[in-house]
Amino acid sequence: MYDKSAFKIKNNPVILGIESSCDETACAVLRGRKILSDEIISSAAVQAQYGGVVPEIASRAHTDAVDEVCRRAVKNAGISYGDIDAVAVTYGAGLLGALLVGLSFAKALAFTLNVPLIAVNHIRGHISAAYLDDDTLKPPFITLLASGGHTAILHTKSFTEFEVLASTSDDAAGEAFDKCARVLGLAYPGGPNVQRLAAQGDANINFPSALVKNSAHTQFSYSGLKTSVINYCHNLEQKGEVVPRADVAASFQQAALNPLADKTVEFARRYGVTTVTAGGGVIANDYLRGRLLQKCSQSGIKLILPEKRYCTDNAAMIASEGYNQYMAGNFADMDLNAVAAIPLKQSVEQ
Ligand code: KG4
Ligand code: ZN
């Protein structure tokens, strides 16, 4: 009988993490913060044919992949199922049908092994990717979070306490990259393709910055920038002129990313915090990584950047956040449900 109050907290637990919120079915095994294995089966190539993620296709792909990806993770970790001390799983936010596949699998596994089930918020997973890069990392630090669904600067006060310092009032940075990619005729997922094209161009077009001007608080907005890119391209097309696509990509990239890097470092200085971390798919962007590095080193701030594969969706970050929850004794019940949308403040401040 599964009884979450009966579990003891061990040191250096073996945690199996499962992620299925979007188009990646992923499973990883960690011992403490050390990654023993990390497996992903992605349906992104199939989704690309439709220009974005089709939820039903994602759910079916997860159903096909989840058993295989977990078997591989356990095998490659060099452990047996009996060695697992806890199962951590993304319960939200994400596509409901997709989340339910990973969640159902995780529940069955935790129940069968009689180990704690741990509910992981996907956003906190992205934040916890930083601990994979440096297992000695301890809060407080300032975190730049930039994914397909969220863009924010956070004060990470402890392993489980956060304060939102700045966020976006409309689209997320990743979403803006995906939309800009579509305007430029680039395939899904847009971010890496915009980055590649941008590397061939010059940032010589004056697009509006993602930083909201004259706001009492630091705030980002991507709708004005996105509209500007669309209008710029359409105007040239209507006049029969060639769109300098690489210059558009480079100019968009700077307008979208400079304020994120600059404000993150500004907050670190203002809060007297000596470490900056980052997480989320957009942090895989080389231009942003370079800018963060430059700004942090100018200010004598230590920068912890997860490897690129741990910026985009993966299960190692879910297991890493699972470790924080495990150590805090936050175990889930078997009636845990998937949640499609969780507001940022609720994700991190509660
Ligand atoms: O964190 P993630 O994998 O999934 C979400 O939780 O949303 O982020 C996906 C987002 C997509 O919008 C994708 O275009 C963007 O991250 N992304 C990038 C890059 N790689 C992924 N954006 C800019 N440059 C990149 N290299
Ligand atoms: Zn994500």
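A polar contact is here a pair of N or O atoms within 3.5 Å, and the views below apply that cut-off to a predicted model.

**Figure 1. Polar contacts between ligand 1 and the protein in the predicted model.** An oxygen atom of ligand 1 lies 3.1 Å from a polar backbone atom of Asp313, and an oxygen atom of the ligand is 3.0 Å from a polar backbone atom of Gly174. A side chain also takes part, for a polar side-chain atom of His122 is found 3.1 Å from an oxygen atom of ligand 1. Taken alone, ligand 1 would expose 550 Å², of which the protein buries 86%.

**Figure 2. The pocket and the shell of residues around ligand 1.** The space that ligand 1 takes up is the largest pocket. Helices α4 (122–133), α5 (173–183) and α6 (190–198) are the elements that give two or more residues to the shell around the ligand. In total 21 residues surround ligand 1, the closest being His126, Gly148, Asp178, Gln195 and Gly281. Sorted by class, this shell holds 13 polar, five nonpolar and three charged residues.

**Figure 3. Protein donors of the zinc ion (ligand 2).** The zinc ion has as its protein donors the NE2 atoms of His122 and His126 together with OD of Asp313, at 2.0 to 2.1 Å from the ion. Along the sequence, the donor residues follow the spacing H-x3-H-x186-D. Because His122 and His126 are four residues apart in helix α4, about one helical turn separates them. Two of these donor residues return from the first view, where His122 offers a polar side-chain atom to an oxygen atom of ligand 1 and Asp313 a polar backbone atom.

**Figure 4. Two cis peptide bonds, each shown with its loop.** Most peptide bonds are trans. The bond from Gly92 to Ala93, however, is cis, with omega near -10°, and Ala93 belongs to the loop between β4 (86–92) and α3 (96–113). The bond from Tyr188 to Pro189 is likewise cis, with omega near -5°; Pro189 lies in the loop that runs between α5 and α6, and both of those helices give two or more residues to the shell around ligand 1.

**Figure 5. The backbone at Asn12.** Most residues other than glycine have a negative phi. Asn12, although not a glycine, has a positive phi of about 50°, and this residue is located in the segment before strand β1 (14–19).

Terms used
Residues numbered from 1 in each chain as written. Chains lettered and ligands numbered in written order. Predicted model: local features only at pLDDT ≥ 70, side-chain atom pairs only at ≥ 80, totals over all residues. Heavy atoms only, no water. Near = heavy atom within 4 Å. Areas by Shrake-Rupley, 256 points an atom, 1.4 Å probe, with all protein chains shown as cover. 1 Å grid on protein atoms, 1.4 Å probe; cavity = no way out; pocket = protein on both sides within 12 Å on 5 of 7 lines; lining within 4 Å. Sits in = over half its atoms within 2 Å of the grid points. Nonpolar A, V, L, I, M, F, W, Y, C, P; charged D, E, K, R; others polar. Donors = N, O, S within 2.8 Å, 3.2 Å for Na, K, Ca; no water.
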